[in-house]
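Trainee: Please take me through one part of this structure in detail, and then show how it sits among the rest. I would rather have one long answer than a list.

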Amino acid sequence: MSKKLFLFLFAANVALALVSWAILPERVAIHFGASGWPDNWASGRVNALAFIGLHLVLWLAIYGSPGLIFIFPARFVNLPNKDYWLAPANRERTQQILSGLMYRFGVAIFAFFFAIGLLALQANRSDPVRLNLPVFFLCLGLFMLYTVAWVVAFFRCLRRPAPGAA
């Protein structure tokens with residue numbers, strides 16, 4: 001389920017960038033200051049292509065990272081209890097655990113970016129252009145809380161199993 005949702009949210013973000021390019025004016029706010037007022041502008045095309053590029057890089061990193069740990073020597077991999085988890089007998093299980101964790105984090109990242117994309121779209125369609133800061137900070141706070149919970153889950157999943165545990 002996490003993998004399908006991850007792929008769906010990636011596609012939704014790309015679609016949102018393309019829709020934004022199509023419906024926004026040629027000049028759009030691409031960054032907002034602490035007051036919510038825009039402080040940097042770009043063309044709609046540059047904005048859309050930058051976001052599509054960012055989403056593609058994130059997708060590649062999240063999708064590919066679980067397999068990369070087996071390409072590089074163990075000394076270059078930073079993983080809790082890596083002597084256990086990178087042992088040949090545990091590689092398949094390790095890759096399954098890491099894939100699941102990464103897909104779940106990818107869902108959170110792409111959900112956060114989708115919400116921010118909608119906020120930016122709304123801001124650029126308003127007159128005057130201004131970001132809805134309360135909703136932005138709510139989204140940011142929820143993403144940060146999820147990130148903390150995800151890190152805890154990451155370390156819990158990669159504990160060394162108790163002797164005799166399956």
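Mentor: Start with D83, which counts as exposed because its relative accessibility is 56% and the cut-off for that class is over 50%. The model is predicted, and D83 is worth a close look for its partner. The side chain of D83 meets that of R160 in a salt bridge, with 2.7 Å from N to O. A search of the whole structure finds one salt bridge. D83 belongs to helix 3 (residues 82-85), while R160 is in the segment after helix 5 (133-157), so the pair ties together parts that are 77 residues apart in sequence. R160 is partly exposed, with a relative accessible area of 42%.

Confidence should be read alongside this. Helix 3 has the lowest mean pLDDT among the elements of the protein, at 92, and helix 5 has the highest, at 97. For the protein, the mean pLDDT is 94, and 98% of the residues reach 70 or more.

Next comes the loop between helix 2 and helix 3, where N81 lies. The phi of N81 is near 55°, a positive value in a residue other than glycine. Most residues other than glycine have a negative phi, and most peptide bonds are trans. N81 is partly exposed, at a relative accessible area of 33%. The second half of that general rule has its exception at the peptide bond joining D127 and P128, which is cis, with omega about 5°. P128 is found in the loop between helix 4 and helix 5.

Helix 4 itself is the next stop. N124 lies in helix 4 and counts as buried, because its relative accessibility is 8% and the limit for that class is under 20%. Setting aside neighbours within four places in sequence, the contacts of N124 are L24, P25, V28, A29, F32 and V129. F110 is also in helix 4 and is buried too, with a relative accessible area of 0%. With residues up to four places away in sequence left out, F110 touches F6, L9, F10, N13, H55, L58 and W59. One of these, L58, is 52 residues from F110 in sequence, and the two are 8.9 Å apart in space, C-alpha to C-alpha.

Helix 4 also matters for the account of the empty space. Rolling a probe the size of a water molecule over the atoms shows where such space is left. The largest pocket holds about 440 Å³. Its lining takes in 24 residues, and I30, F51, I116, G117 and A120 lie nearest the centre. Helix 4 (91-125) is among the elements that each supply at least two residues of this lining, along with helix 1 (2-23), strand 1 (27-32) and helix 2 (44-68). Helix 4 gives the largest share, seven residues. By class, 16 of the lining residues are nonpolar and eight are polar, with no charged residues.

To return to the starting point, the salt bridge of D83 and R160 joins helix 3 to the segment after helix 5. D83 is exposed and R160 partly exposed, whereas N124 and F110 in helix 4 are buried.

Note on methods:
Residues numbered from 1 in each chain as written. Predicted model: local features only at pLDDT ≥ 70, side-chain atom pairs only at ≥ 80, totals over all residues. Heavy atoms only, no water. 1 Å grid on protein atoms, 1.4 Å probe; cavity = no way out; pocket = protein on both sides within 12 Å on 5 of 7 lines; lining within 4 Å. Points joined across faces, edges and corners; volume = space filled by probe spheres on them. Helix = DSSP H or I, 4+ residues; strand = E, 2+ residues; numbered from the N terminus. Nonpolar A, V, L, I, M, F, W, Y, C, P; charged D, E, K, R; others polar. Salt bridge = Lys/Arg side-chain N within 4 Å of Asp/Glu carboxyl O. Buried < 20%, exposed > 50% of the residue type's maximum accessible area, 1.4 Å probe, protein only. pLDDT = per-residue confidence, 0-100. Contact = heavy atoms within 4.5 Å.
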